[in-house]
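Here's a quick walk through a few spots worth looking at in this model. Have the structure open as you read.

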Amino acid sequence: MQPIHYTKKGFEELSNLIVSKNYSKLFVLVDSNTIDACLPYFMSNLATTIPFEIVEIEPGEENKNIETCTMLWEVLTELEADRNSVMLLLGGGVLTDLGAFVASTFKRGIDFILIPTTLLAMVDASVGGKTGVDLGVLKNQIGLFAMPEMVLIDSEFLSTLEANQLRAGLAEVIKHGLIADAEYFKKIENLNSLTEENLLELIEKSISIKQDIVSKDPTEKGLRKILNFGHTLGHAIESYCLENENRTTLLHGEAVAIGMYLESHISMQMHFIDKDSFQRIQKTLDHYFPRIAFTKTDIDKTLTYLIHDKKNNNGLVNFSLLNGIGSSLWNKEVTNDLIFSAFDNYLNF
Ligand code: NAD
Ligand code: ZN
């Protein structure tokens, strides 16, 4: 499992790692946001005498593609990166997924280090070794499992993050409580505000939950699928809103929050959770994620996206559902009727 280090000690560990690995050159990958928001703080805390280059890419999911990778492989070649070079990936999940893929394929694989700068990248994208890029509209279609030499977590980076991005990351934090730890969910539902201190606590707990799940099933044969709770419908909603001109695009976490609402309702309808648990989930999600409207046509079209879902086996869509708060099930077939009545509850209650 990848070593994860925090804040000041994390920077010390990073500096030590760079010395002990005797890297020839450091390539710090940033995007046009993190170059201003995160790079100055990062560089001022990194003690190293090894030569480095700053490489910048455009931000956004629309650039998480093979063209950006090709550009980076060419830049690395021009700048004479060798097999003993290391890439330091300073950014959100788009940059860390893409940068990790570029590093692990360049010259059959060079080392990389993750320094996630969004809440989502800290609690989710940086744990578990999934790397990759999109192929057209198909998210994360091309990629491989590869582990970083180290992950450095510092909640200081979050001070410049937009509020909606922070909230989107919180959706995954809520998910971790719901699927694996009832006490943790209780803590989240009783939070009055997000301070830097409780944020770091949430990040550490969420990372340990994800690490625990991933270590038991690294390649997603079974248990790891519980991390997809909220994502079957969440992904369908995210894709539908992205491709439909009449809908405002949703951030991944915003779509997952809706997905978790719907899939919690489905869990209740299938008698895996009781009404009281459902209402607690409903209240917590509503607190952070105001409901949005869907027409009958929106819902019908959203369901057509389920066909692309990776969890769709032999034509049957499998869901990961809750089995009480803090516990979950996977590979559960769900009928369209249950999905429609979950949407009905989301829109009317
Ligand atoms: P993102 O990477 O697009 O970052 C969001 C925006 O915030 C970007 O514009 C970025 O430039 C900017 N930004 C980043 N850090 C900042 C900071 N500290 N201050 C100001 N601006 C900052 O979005 P994300 O939510 O971090 O990541 C989403 C991606 O993560 C998706 O592509 C998804 O597929 C991937 N992901 C991967 C895994 C995995 O297991 N590998 C898990 C979950 C998500
Ligand atoms: Zn997610």
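## Helix H10

Let's start with a helix that is mostly a list of buried residues: in H10, His231, Thr232, Leu233, Gly234, Ala236, Ile237, Glu238, Tyr240 and Cys241 are all buried. Keep in mind that this is a predicted model. H10 covers residues 231-243, 13 residues in total, and spans 17 Å from its first C-alpha to its last, close to the 18 Å expected at 1.5 Å a residue.

## The zinc site

Which residues hold the zinc ion (ligand 2)? Glu172 coordinates through OE, while His231 and His252 each use NE2, with distances of 2.0 to 2.1 Å. Along the sequence, these donors follow the spacing E-x58-H-x20-H. Glu172 sits in helix H7 (residues 163-180) and His252 in helix H11 (residues 252-269), so this pair links distant parts of the chain, 80 residues apart.

As for cover, Glu172 and His252 are buried, and His231, back in H10, is buried as well.

## A nonpolar patch

Over on the surface, Ile66, Leu135, Val137, Leu138 and Ile142 make up a nonpolar patch of about 390 Å². One of them, Ile142, belongs to strand E7 (residues 138-145). Ile142 counts as partly exposed because its relative accessibility is 32%, which falls between the 20% and 50% cut-offs.

## A buried lysine

Is Lys25 buried or exposed? Lys25 counts as buried, because its relative accessibility is 19% and the cut-off is under 20%. You'll find Lys25 in the loop between helix H1 (7-21) and strand E2 (26-31). The Lys25 side chain reaches the backbone oxygen of Leu79 at 3.2 Å.

Notes
Residues numbered from 1 in each chain as written. Chains lettered and ligands numbered in written order. Predicted model: local features only at pLDDT ≥ 70, side-chain atom pairs only at ≥ 80, totals over all residues. Heavy atoms only, no water. Helix = DSSP H or I, 4+ residues; strand = E, 2+ residues; numbered from the N terminus. Expected span 1.5 Å × (residues − 1). Buried < 20%, exposed > 50% of the residue type's maximum accessible area, 1.4 Å probe, protein only. Donors = N, O, S within 2.8 Å, 3.2 Å for Na, K, Ca; no water. Patch = residues over 30% accessible without salt bridge, like charges linked within 9 Å, V, L, I, M, F, W, Y side chains within 5 Å. Areas by Shrake-Rupley, 256 points an atom, 1.4 Å probe, with all protein chains shown as cover. Salt bridge = Lys/Arg side-chain N within 4 Å of Asp/Glu carboxyl O. Polar contact = N/O pair within 3.5 Å; in protein donor to acceptor, adjacent residues only side chain to side chain.
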